[in-house]
Amino acid sequence: MKFSINGRFIQEEPAPGQCLRTFLREQGCQGVKKGCDTGDCGACTVWIDGTPFHSCLMPAFRAAGREITTIEGLQQNGELHPMQQAFLDAQAFQCGFCAAGMIMTAATFDEKAREDLPHMLKGNLCRCTGYGSIHDALHGIKAAEDDVAGHACGASLKSPFAEAIVTGKARYTLDAVPQKPLHLKVLRSPHAHARIRTIHRGEAIAVPGVVAIFTWEDVPRRLYSTATHEDHLVDPDDTYMLDNVVRFVGQRVAAVVADSEGAAEAAARLIDVDYEILPAVFDPVEAMKPDAPILHQTGLESRGNIYVDIHGEIGNVAAGFEEADVIHEKTYSTSRVQHAHLETHGSIAWKGEDGRVHVRTSSQAPFIAKQKLCHLFGLLDRDVHVFTERIGGGFGGKQEMISEDLCVLAALKTERPVMWEFTREEQFIGATTRHPMTTRVKLGARRDGTLTAIEVHVVSNTGAYGGHGSETLAAALSSPLAAYRCPNKKADGYAVYTNMVPAGGFRGYGASQTTFAIECAIDDLAKKLGVGPFEIRRKNMIRSDDWIESVWKDATDVTFGSYGLDQCLDLVEASLASGRGLAKPDGDDWVEGSGIALAMLESGPPTEHRSGAVMALLPDGTYHLAVGSTEMGNGSATAHRQIAAEILATRADRIALINGDTDLTPYDTGTFASTGTVVAGQAVALTATALRDNIFSYAARYFGCNAADLSLHDDAIICANQTVPLRELVARGAATGHRFEAKRKAYLSPRSVGFNVQGIRAAVHRVTGQIAILQSVHAADIGKLINPMQCRGQIDGAIGMGLGWALYEKMVYNDKGAMVNASLRDYRIPTFADLPRSEIYFADTYDSVGPLGAKAQGECAINAVAPAVANAVANATGVRFPDLPLTPDRIFEKLGRCHGRTSKLSP
Amino acid sequence: MNLNTITAIKRPTSADEIGEWRDGYAWIAGGTWLFSTPQVRTDTLIDLQSLGWPALQASDDGLEIAATCTLAELTRFNAPQEWKAAPLFKMCCESLLASFKVWNAATVGGNICMSLPAGSLISLTASLEGVYTLWPRGAEPRKVPAVAFVTGNNKNVLRPGELLRSIHLPAKALSKRFAFRRASLTHLGRSAIIVIGTVGAGDLVLTVTAATERPFQIHFERLPDEYTLRKALNAVIPDAAYFNDVHGSASYKRHLTYYFAEQVRAELLQGAQQ
């Protein structure tokens with residue numbers, strides 16, 4: 001068959017059932033992405049004869065004889081297409097994995113289409129941006145500022161990868177594959193709990209192209225946790241790479257490697273497994289009962305399925321409730337949701353000519369992954385190299401080692417490169433999720449609204465394995481309670497094993513779940529007391545001179561490097577009162593209300609976290625910066641360059657950057673727990689400062705002046721009225737053996753705190769249960785903004801993800817523990833049509849702890865969103881909906897009863 | 001996605017070229033569903049596009065839509081002015097979760113033959129009193145009313161190898177006034193319910209889809225009052241027929257059926273009085 005791809009003619013025979021997406025990637029068009037492979041996300045959009053199609057749904061043979069255009073072919077005569085330029089100007093992406101498909105879709109729009117973006121963009125999903133910057137791009141709004149020497153910090157500079165992203169050249173994990181790799185596919189358990197009696201692989205191994213099949217009998221019998229933390233002891237060693245007991249539907253049973261994905265899939269279907277079905281338990285409360293089936297026989301069976309329990313009390317809550325005039329007690333619950341980063345998990349492993357194992361992976365923590373691989377395979381640290389290039393989103397989902405191990409196993413056993421790309425279905429059934437938590441909140445208050453006691457009881461469903469179970473529970477019991485000053489606080493938390501897919505790290509990390517419960521309860525209490533939501537919060541919220549404590553008396557390293565919660569409340573209150581936003585839709589059945597919620601989060605985790613950077617001044621007078629942390633669209637690489645550029649008084653684009661590579665960059669615990677700016681960024685700040693001092697100390701000798709009289713500007717060093725280009729200085733220094741290099745490490749202590757307040761005005765239709773968000777306003781106290789555009793973008797994205805959690809998303813299971821909506825078609829993350837434009841404000845603060853006055857911001861913004869929505873709905877309807885998500889059918893079930901609407905309109 | 005079990009593509013120029021039908025064969029029209037999920041029991045795809053059926057043929061009798069007509073072609077159809085119900089073409093396409101890019105490939109016949117409750121081309125053709133022409137293997141073509149084609153969730157009257165050839169929408173139905181109501185759990189998401197009412201010479205045809213496992217249609221000789229409507233819905237749609245899935249609970253869909261049906265009735269009544 002003959003094809004024309006971006007004007008190039010080729011003759012090729014695609015496989016009969018091959019889709020155009022993979023065919024184009026084989027022809028070198030790596031800009032054609034896979035987000036879902038089912039026509040729901042649009043990341044693979046290409047043009048055929050000028051018309052846009054989802055190339056994953058298009059049989060390759062249908063494109064024969066036609067003209068195919070991919071993102072790589074959009075440029076004309078070396079000039080960006082206007083839509084590429086618009087996405088560049090608005091920086092309308094974060095991880096960038098959706099950008100090529102977005103651009104290929106939007107570039108076909110005429111004026112009329114542009115006026116109906118909700119419809120026109122419903123086939124393009126973005127999980128990072130909340131679509132705000134995409135809206136800007138489509139309206140020609142330029143957000144990126146110029147890169148000016150001496151003004152790096154606080155400027156809205158472009159991502160260093162921006163041009164590569166809009167042209168499809170950015171290389172994500174599986175965009176660079178060694179020659180003739182083997183493809184790995186996994187057979188997953190159909191049962192929630194079973195013991196494997198036998199596995200017969202005879203028929204499977206006979207499939208042509210199959211090279212090897214691995215089962216629990218072939219892997220090192222070594223326990224570990226897939227969760228990644230600096231301190232490996234905070235997660236339980238309860239997992240085998242492959243096990244003879246399966247504890248959830250979707251657990252890995254066997255791995256097949258073959259010359260093609262098709263052969264590996266065919267073999268996986270033919271593996272004959274004899275299971276002894278064991279009783280299963282899905283609900284954590286049931287799992288805590290004495291007669292529940294026990295999941296793990298690790299010597300702690302006497303504790304039943306409780307993986308961890310955490311307790312604490314300050315003051316005396318019993319006395320506090322005695323003192324109270326009003327007591328509110330209610331149970332609130334959150335649902336199981338998935339990160340749905342557009343780039344699925346995946347890795348490639350091979351043994352190099354150097355005899356070492358190399359792993360290219362989509363991970364938030366390549367250094368920890370490396371340690372775990374050394375542990376599992378008994379390899380020396382020096383014999384393993386793990387690296388990331390561009391990562392298509394993480395949100396905590398990639399704070400896990402769940403693809404690297406099997407690739408390394410197979411690469412070591414077969415001596416061939418091995419790659420494994422998760423399907424979207426595997427993301428849902430075989431990766432991690434947010435921990436669903438059920439939280440009973442009891443609040444006591446005096447008539448004037450002063451809290452006298454706070455008590456919470458949390459049950460967290462950690463699923464079949466306990467990774468992140470204890471840390472998310474600790475987080476759940478920490479900042480959401482510390483946000484309120486009250487002499488008597490008590491918390492009891494349980495993280496419980498069940499036969500469900502394991503939960504893991506997810507933006508907000510446990511604090512989101514109890515923030516939902518507590519912020520709803522505060523509103524419910526306020527209603528009972530007859531005080532307003534702002535008033536009750538102002539009366540009881542933590543203040544800058546307060547001791548920061550949750551339910552433990554021990555001193556902590558958390559401190560107020562700055563405080564802006566008061567400003568955040570003022571900003572949101574003023575905006576909600578302004579009358580901005582949409583008007584309530586017409587009709588008596590729409591009722592309107594508003595709600596707020598606040599959230600506090602420590603800037604960085606309580607567990608150890610460290611990072612390092614190395615920086616050099618190069619012979620051409622530019623800089624090179626190596627940072628261990630990975631960049632997954634969170635923008636830390638952009639921030640790192642700006643921090644270094646600010647300190648060196650140069651332009652960001654004079655700093656070349658590499659990150660996330662265990663060979664080429666210093667150690668970094670990982671990009672998670674909102675550490676990209678406050679830990680890795682701190683390492684960059686320390687390193688850039690050390691390099692500046694290094695340059696000054698040499699230059700002082702060169703000029704024969706005091707270091708204090710020197711300054712840097714752009715590409716030169718200045719002493720009094722003498723300006724010398726840096727390349728000259730380097731040449732001179734090199735001649736005398738001076739090295740312009742510096743390396744520093746950062747460790748996080750003390751930790752500051754950030755704040756977020758979300759306001760929502762919503763209308764609820766009392767008959768259809770539909771919720772319309774009329775106004776969304778967010779105020780954040782994140783210290784100095786290193787890159788305002790990026791800070792805004794990340795908050796926009798967190799609001800979008802929070803609205804998805806509040807309104808739409810829920811992983812649904814049948815009574816056998818199997819997920820029934822394991823696709824982006826049935827598990828709906830927000831589309832352009834689903835999200836409002838949010839007003840975003842920042843408190844005017846400068847942090848004394850974080851680098852250049854900045855605080856952490858990656859996670860906290862999501863925490864206040866769902867409770868603000870729930871509070872607005874409660875305010876509008878007079879009915880509390882304590883369980884997420886607030887889908888129209890669930891609103892109806894309850895409102896129908898409360899208002900008697902069904903009896904009037906139904907038979 | 002790649003369908004790795006497919007070993008052959010047949011591209012006949014006439015359906016008769018496909019002789020004996022066997023397990024493992026599948027017709028492919030747009031392929032937008034086939035390529036969205038593994039097809040492990042299928043080894044051969046038989047291309048309908050190579051049959052070259054004209055997409056849309058309008059006549060005084062009505063509109064003949066080939067099964068292979070894409071949704072994009074349908075939405076672009078320039079209907080005669082007297083076909084007052086033609087705006088439903090686009091409204092029903094917009095009721096799908098699928099994006100306009102999927103419309104460029106997906107076909108009317110494919111949507112109908114998938115026979116999902118939310119298949120809104122079923123809503124369209126049922127509400128416009130369509131008649132499907134089916135081509136069985138080795139037998140004479142037969143005609144089936146649209147409303148009787150789907151028998152349950154993902155179930156229909158097609159026998160193995162039997163083809164949906166075309167859909168006839170009668171001019172009489174196309175010329176009717178209509179009212180349309182729809183809801184989904186997300187904005188522009190998969191339909192939880194579609195209620196379409198059409199009015200000709202005083203009679204009302206009310207079609208409920210998406211909320212139920214199969215289409216339900218009620219003919220009223222004249223516009224009913226609210227009570228009569230409710231009674232008819234009660235009599236015609238059993239509670240068990242409401243479809244429960246992640247896109248809406250059965251009780252919610254039942255509730256909206258009554259609510260929207262009444263709105264449709266009221267809107268059409270108002271139109272009749274003007």
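**Hairpins, an open sheet and the chain B contacts**

In the hairpin of β25(A) and β26(A), two residues lie between the strands, and A:Asp714 takes a positive phi near 55°. The model is a predicted one, in which local features need pLDDT of at least 70 and side-chain atom pairs count only at pLDDT 80 or more, while totals for chains, interfaces and linings use all residues. Residues are numbered from 1 along each chain as its sequence is written, with chains lettered from A and ligands numbered from 1 in the order in which they are written. Helices (H or I, at least four residues) and strands (E, at least two) are DSSP runs, numbered from the N terminus, and two strands pair if DSSP finds at least two bridges between them.

Strands β25 (residues 710-713) and β26 (residues 716-719) of chain A are antiparallel and joined by four bridges. Within this pair, A:Leu712 has A:Ile717 of β26(A) as its bridge partner. On to the next strand: β26(A) also pairs with β27 (residues 722-725) of chain A, again antiparallel and over four bridges, and here A:Ile717 stands opposite A:Val724 in β27(A). The hairpin of β26(A) and β27(A) has two residues between its strands, and A:Ala720 takes a positive phi near 50°.

Ahead of these hairpins in the numbering comes helix α21 (residues 676-703) of chain A. At 1.5 Å a residue, its 28 residues should span 40 Å (the expected span is 1.5 Å times one less than the number of residues), which agrees with the 38 Å between its end C-alpha atoms. The helix α21(A) does bend, by about 30° at A:Gln682, the bend being the angle between axes fitted to the seven residues ending at a residue and the seven starting there. Just after α21(A), A:Gly704 has a positive phi of about 65°.

Elsewhere in chain A, seven strands make up an open sheet of mixed pairing, ordered β8-β10-β6-β17-β14-β15-β16. Strands β8 (210-214) and β16 (384-387) of chain A each have a single partner strand, so one side of each edge strand is left without a neighbour in the sheet. From one strand to the next the twist averages 20°; axes are lines fitted to C-alpha atoms, for helices over the stretch in contact, and angles run from 0 to 180 degrees between N-to-C directions. At the β16(A) edge, β15 (residues 357-361) of chain A runs parallel to β16(A) and is joined to it by four bridges, with A:Val357 opposite A:Val384. Helix α12 (residues 366-377) of chain A packs on the sheet, touching β15 and β16 of chain A, and its direction makes about 150° with that of β16(A). Helix α9 (residues 261-270) of chain A lies across β6 (182-188), β8 and β10 (252-258) of chain A, at about 25° to β6(A).

Turning to chain B, 41 of its residues are in contact with 51 residues of chain A, contact meaning that the C-beta atoms, placed from the backbone, lie within 7 Å. Elements giving two or more residues to this side of chain B are β1 (8-10), α3 (100-103), α8 (226-236) and α9 (250-273) of chain B. The most come from α9(B), with seven residues.

The domain assignment of chain B, from an automatic or database source, gives domain 1 (8-48), domain 2 (55-172) and domain 3 (174-273). The C-alpha centres of domains 1 and 2 of chain B lie 20 Å apart.

Terms used. Two residues are in contact if their C-beta atoms, placed from the backbone, lie within 7 Å.
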